[in-house]
Amino acid sequence: MPSSKWSAGSLRITSWTICASEISVRLGIIPDHEYERGSLSSPRNPLSRRRETAVWILQSGLDNDRRPEEHVAELLLRLAGKHEALASLAAYCKLELFLGFGSETGQGGCALPSALLRKTGDLGLDIALDLYPQAADDYATADDATDDPGRPDAEEGWDGPFYRVRTDDFEIRFLPGPHEDLGEVCNTDAEVLLPDGSRWGATILTVDEAGRLMNRWDGTGEALSRQYFSCPDGLIVRSPGITGVVDVIVGLLDAGELQHTLKRLV
């Protein structure tokens, strides 16, 4: 495929009743990823949603420059002799060949030969096609995160006026309103404490909240009648809610950018 296009493929099995480890036993295959029902979708964020189903993922193992039909053929080869096992799982699980396809231009497509479709159908597998206009490195789902089952549960809850989220890697203290819906927080001060003793702070606002403030300033004459937005230590995020803000802070920590984005307090 031209370098401007990419594709990826995997077998994804989800179940409300069978655990991921049992799927591995039944198929006799070690998956690339497996997540149990009830585990955190984002292990680094203790406020992320918990999985409603067990998820078992086997990747094709081919490079992203291979064609979609090659990913399908490789997965079918790895499933040779597993017809009965897959049939037994079908009663309790959703079985999908998951294909991702993208190009830099947003244009392109693929053709799956009839022979491959017949073999896929004979195994009881649906084909799910996800189309992306971006690069292969951006191809991800919530199930692609690396799980960490040994990670201790985090503490979270109110501590006086603060709402605190604490793990072994960080502690975040938010200062929302006392009766504010934590899922709708759009303007709050936050302080991040790291294991080295350093403290980092920011005033966190959503894009919509910044726009609301600018519209209000239009009537007061502040900020040159809303020609710009500025606040001390401001950090603008896209979505409201404490959970989303924790995701942003975890992402900054993982990328090594938190110290360049927030203001050091101590």
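A residue is called buried here when its relative accessible area is under 20%. With that in hand, welcome to a set of close-up views of a predicted model.

**View 1. Strand β9, a mostly covered strand with a partner on each of two pairings.** Strand β9 covers residues 187-193, and five of its seven residues are buried. Strand β8 (residues 171-175) pairs with β9 in the antiparallel sense, and five bridges link the two. Look for isoleucine 172 here: its bridge partner in β9 is valine 192. β9 also pairs with strand β10 (residues 199-206), again in the antiparallel sense, this time over seven bridges. In this second pairing, asparagine 187 stands opposite leucine 205 of β10. Five residues lie between the strands in the hairpin of β9 and β10, and glycine 197 takes a positive phi near 90° there.

**View 2. Glutamate 171, a charged residue in strand β8.** Is glutamate 171 buried or exposed? Glutamate 171, found in strand β8, has a relative accessible area of 9%, so it counts as buried. Setting aside residues up to four places away in sequence, it touches Arg164, Val165 and Arg166, and also Glu191, Val192 and Leu193. Proline 195 is worth locating in this view as well: it sits 24 residues from glutamate 171 in sequence, with 8.7 Å from C-alpha to C-alpha.

**View 3. Cysteine 231, a loop residue in contact with Thr203 and Leu205.** Cysteine 231 belongs to the loop that runs between α6 (222-226) and β11 (234-237). At a relative accessible area of 23%, cysteine 231 is partly exposed, since the buried class ends at 20%. Once neighbours within four places in sequence are left aside, its contacts are Thr203 and Leu205. Cysteine 231 and threonine 203 are 28 residues apart along the chain, yet their C-alpha atoms are separated by 7.7 Å. Leucine 205 may be familiar from the first view, where it stands opposite asparagine 187.

**View 4. Strand β3 and its pairings with β1 and β2.** Strand β3 (residues 54-59) is mostly covered, with five of its six residues buried. Which strands pair with β3? Strand β1 (residues 5-15) runs antiparallel to β3, and six bridges join them. Strand β2 (residues 33-35) is antiparallel to β3 too, joined by three bridges. For a landmark in each pairing, find serine 10, whose bridge partner in β3 is glutamine 59, and tyrosine 35, which stands opposite valine 55 of β3.

**View 5. Glutamate 96, a buried residue of strand β4.** Glutamate 96 has its place in strand β4, which spans residues 93-103. The relative accessible area of glutamate 96 is 10%, and the residue is therefore buried. Beyond its neighbours within four places in sequence, glutamate 96 is in contact with Ser10, Leu11 and Arg12, together with Asp126 and Ala128. Ser10 offers a handy link to the previous view, where serine 10 has glutamine 59 of β3 as its bridge partner.

**View 6. Helices α1 and α3, a mostly nonpolar meeting.** The axes of helix α1 (residues 20-27) and helix α3 (residues 83-90) come within 9 Å and cross at roughly 150°. Because angles over 145 degrees fall in that class, α1 is roughly antiparallel to α3. From α1, Ile23, Arg26 and Leu27 take part, and they meet Ala85, Leu86, Ser88 and Leu89 of α3. Sorted by class, this contact has five nonpolar residues, one polar and one charged.

**View 7. Helices α2 and α4, an oblique pair.** Helix α2 (residues 68-78) and helix α4 (residues 114-122) have axes that come within 11 Å and cross at roughly 40°. At that angle the two helices are therefore oblique to each other. Their crossing is left-handed. Glu69, Val72, Ala73 and Leu76 form the α2 side of the contact, and Leu116, Lys119 and Thr120 form the α4 side. Four of these residues are nonpolar, one is polar and two are charged.

**View 8. The whole chain, for orientation.** Stepping back, the protein chain has eight helices and twelve strands. It holds 266 residues, of which 39% count as buried. Among contacts in the chain with a separation of 6 or more, 64% are between residues 24 or more positions apart.

How values were computed: Residues numbered from 1 in each chain as written. Predicted model: local features only at pLDDT ≥ 70, side-chain atom pairs only at ≥ 80, totals over all residues. Heavy atoms only, no water. Axes fitted to C-alpha atoms, helices over the stretch in contact; angles between N-to-C directions. Helix = DSSP H or I, 4+ residues; strand = E, 2+ residues; numbered from the N terminus. Parallel < 35°, antiparallel > 145°, perpendicular 65-115°, else oblique. Contact = heavy atoms within 4.5 Å. Nonpolar A, V, L, I, M, F, W, Y, C, P; charged D, E, K, R; others polar. Buried < 20%, exposed > 50% of the residue type's maximum accessible area, 1.4 Å probe, protein only. Pairing = 2+ DSSP bridges. Left-handed = near helix turned anticlockwise from the far one by under 90°.
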